[in-house]
Amino acid sequence: MKTEKASKPAQDKELQKHTPVMQQYLRIKADYPDTLVFYRMGDFYELFFDDAEKAARMLGITLTQRGASNGTPIRMAGVPFHSVEQYLAKLIKLGESVAICEQIGDPATSKGPVERKVIRVVTPGTLTDSDLLPEKSDRPLLALCIATQRKTVTVGLAWLSLASGVLKLMEFPADAKCFDGRLKQELERIAPAEILAADDAGPAVMQGVTGKFTSVPPWHFDAESGKKALLEQLAVATLAGFGADCLTASIGAAGALLRYAQSTQGKGLQHVRTLTVESENEFIGLDAATRRNLELTETIRGQDGSSASPTLFSQLDHCRTPMGSRLLRHWLHHARRDQGIARERHAAINALMRADASSGLSATLAAVPDIERITTRIALLSARPRDLAGLRTGLQQLPSLRAYVAMCNKDADAPLLRLIQDALATPSECLDLIERGIALEPAAMVRDGGVIARGYDAELDELRALSENAGQFLVDLETRERARTGIGNLRVEYNKVHGFYIEVTHGQTDKVPDDYRRRQTLKNAERYITPELKAFEDKALSAQERALAREKYLFDRLLGDMAPHIGTLQDIAHALAELDTLVALADHAMRNNWCAPQLVDEPAIRIEQGRHPVVENQIERFIANDCELHNDRKLLLITGPNMGGKSTYMRQVALITLLAYVGSFVPATRAVIGPIDRIFTRIGAADDLAGGRSTFMVEMTESAAILNGATEHSLVLMDEVGRGTSTFDGLALAWAIARHLLETTRSFTLFATHYFELTQLPETHPSAANVHLSAVEHKDSIVFLHAVQTGPASQSYGLQVAQLAGVPQPVIRAARKHLAALEAHSVQATPQFDLFAGSMADVDNDADAEEPQHAPEVTAVMDALAATDPDALSPREALDVLYRLKNLTAGQQ
């Protein structure tokens, strides 16, 4: 971003030592010291000095050295202007920002260097070009403001998806754990491509937050300036209507955000027309671990979904437009707690399925381009001819789409479809403007011509006629000249270097008339020009240049004329995205026999014949299972063999619950879901080397977040808690965590474990129940049945699973021998050890005891030690104390 700096005579004096072009470049570069400057020179964007070295290294382009300026060799590297997008995309992916410096002066009239100016700055958070943005996800820009007022510290967030014009605010109080907890969670949810923070932001703000950070002056976050900027941007007199009037920190962040975005675009943001304030209680809470463990849009390894490693998003994304795919992704990460919103979507999907209109709607939607992002480029005056041609095609589909929606909603009660139908009204004036103004198949760039439709502008048509009739004139001239000169092979032609000419072979030059003037000599021919041909050349070439200039003027004017329609186009884009998403969900539900979930007010999760929405499509036969949780059955203790399906079962319950609130049908024969505020998961094991945390520390950190954040309306998945430490420590922690979830948190909990001692928990806590994943052992092998049955499992089948994994047979035999020895020493009848000395009831009764009771001998030894001062003892006295302590413990030998 451009930096504010004072003029310094010493710097100006130093600049005078450079060449004029380098003086111009260095003045521009001084405004963008931390940004790569693409400096337009002819058909290339050049980079100089340190920028050239950096770009050559990152882009793999050639670094050259030409001449010198102020005695310093000029290091330079360049990229062709016509393919600059691919280089920009690579730099943006690497987290760099680029200032695009264009020639705005006329080389023909410039006495010194052609005037140049930075017209825009491309940064990771301010992308609008389709070539630079991923189709199916947003890349928002976020500003972070920390405000202190009356000893109260508040965190304000403002974020903007520049490609869609969506501006949102959020504000929450800051405490000692805010920066490592709530703030990190919100940033992971929003996933900004770039974060703006004040220069003086402390390390607490940056700690644990990843992404591209851009520092801006602290005064950019001034709340009064921010409020003024927001009122001006939204063209309103007050922010009260948006519920943002008192959000001081967020308003300050919004001010910095708008200033930065406008400076990078070099113009106003006329497509940013509304504001949304988000609150903590609006969405079902999902922390980063839960998003990762449930594999919503990325696999656990951090990869986007594919056929080999699918995610929930990749399975559901049958959307035919990029807008629909982005909205589906947003819904999966932002499921609303409001059951009414989900019910409206369920009703819409049901109506689409009953009308069996998915195929027709999908085929029509496939012809609709990304209207949302095209509208943004129109607003920023950066749209290209084919953007408008695509918009025209998309708007022409609206009557057909509207008719399909009306048919689906004819005998159904689907208010959401009625709203979509109303929003899909064709904007006749806007469509007429594009149909009249843009050619059916326009060139990619305005500079290539052929963009404006014939009949739109009389002056342009006249200029084109002059250029296009040149061919017939040349044919007529060639015929006349052949007859006049008697030269049968005379040709009249044109090229871009020499213009129009008459070509005569050397053997015929003696027949050339006196009015022929030599223009070029070739090996086998001479080229001539005549006064008549010269006059036509001036007229034709001038007409072509003027036609191109006229086309550019008309195209820019047409973009300006589109401005009043931006709001309507945004509404249409949102309705199309919503329709596309609903059609995709309806299509998936029909293909996979999903059912409409029932959302109820009483706390419950009742799933009959539930299936994992991703896994069911990856294997030949998926075993469906039930799950029942309610006020009298809060926790399921899940035991069973490794590879038996415990984690899959837990995840499918969470995904079915989430999908119900997303508004989708669910993979089950019946599903009844009560209020849910958050979903927590503690699944899998991985260390955090960069953060200095071991596997067990990561596990305990995630467990702590669950125990501190879960409520009675939360769904908690706990998978094998305590396995990362010693057996006794792990078992004790697992038992205490399960007990806390039952007695204090009272969340709906699925608790998978290999600690069979925990299966005694239902004896003391009736709201806990045992279930297990069944398996059948045959000789030395095992067959997993993947069916959930009541009661605890009998064993874990660890050796059989190890054998399936390919562990060498000698190791398996040694392990089996050692297991037999361990079981022989066990006093229990079952092969599993009970590591608790007494019953679970005894442990429960003693859990809150303040001090343990010691044996009398131990008490006597402790008293003797307390009365001894080692520093005051002589060697002989120390030996006497040692004998006395030995006598006190003699009774324990």
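Two strands count as paired if DSSP finds at least two bridges between them. The exercises below apply this criterion to a predicted model.

**Exercise 1.** Determine which strands pair with β10, and in which sense.

*Solution.* Step 1: β7 (residues 141-149) and β10 share three bridges, in the parallel sense. One position to inspect is L141, whose bridge partner in β10 is E194.
Step 2: β10 and β11 (residues 212-216) are joined by five bridges, again in the parallel sense. Here L196 has T214 of β11 as its bridge partner.
Step 3: Both bridge counts satisfy the cut-off of at least two, so β10 pairs with β7 and with β11.

**Exercise 2.** Establish whether the faces of β10 are covered or exposed.

*Solution.* Step 1: In a regular strand, side chains alternate between the two faces of the sheet.
Step 2: On one side of β10 lie E194, L196 and A198, and on the other I195 and A197; all are buried.
Step 3: Both faces are therefore covered, where buried means under 20% relative accessible area. Five of the five residues in β10 (residues 194-198) are buried.

**Exercise 3.** Describe the six-stranded open sheet, its edges and the helix α3 that packs on it.

*Solution.* Step 1: The strand order is β3-β4-β2-β1-β5-β6, with mixed pairing.
Step 2: β3 (64-69) and β6 (116-122) are the edge strands, each pairing on one side only.
Step 3: Neighbouring strands of this sheet are turned by 35° against each other on average, direction ignored.
Step 4: Helix α3 (residues 49-59) packs on the sheet and touches β1 (36-41), β2 (44-48) and β4 (72-80). The direction of α3 makes about 45° with that of β4.
Step 5: At the β6 edge, β5 (residues 98-103) and β6 pair in the antiparallel sense over six bridges, and A99 has V121 of β6 as its bridge partner.

Technical notes. Residues are numbered from 1 along each chain as its sequence is written. This is a predicted model: local features need pLDDT of at least 70, side-chain atom pairs count only at pLDDT 80 or more; totals for chains, interfaces and linings use all residues. Side-chain values use heavy atoms; hydrogens and water are left out. Helices (H or I, at least four residues) and strands (E, at least two) are DSSP runs, numbered from the N terminus. Axes are lines fitted to C-alpha atoms, for helices over the stretch in contact, and angles run from 0 to 180 degrees between N-to-C directions. Contact means heavy atoms within 4.5 Å. Buried means under 20% relative accessible area, exposed over 50%, partly exposed in between (1.4 Å probe, protein chains only).
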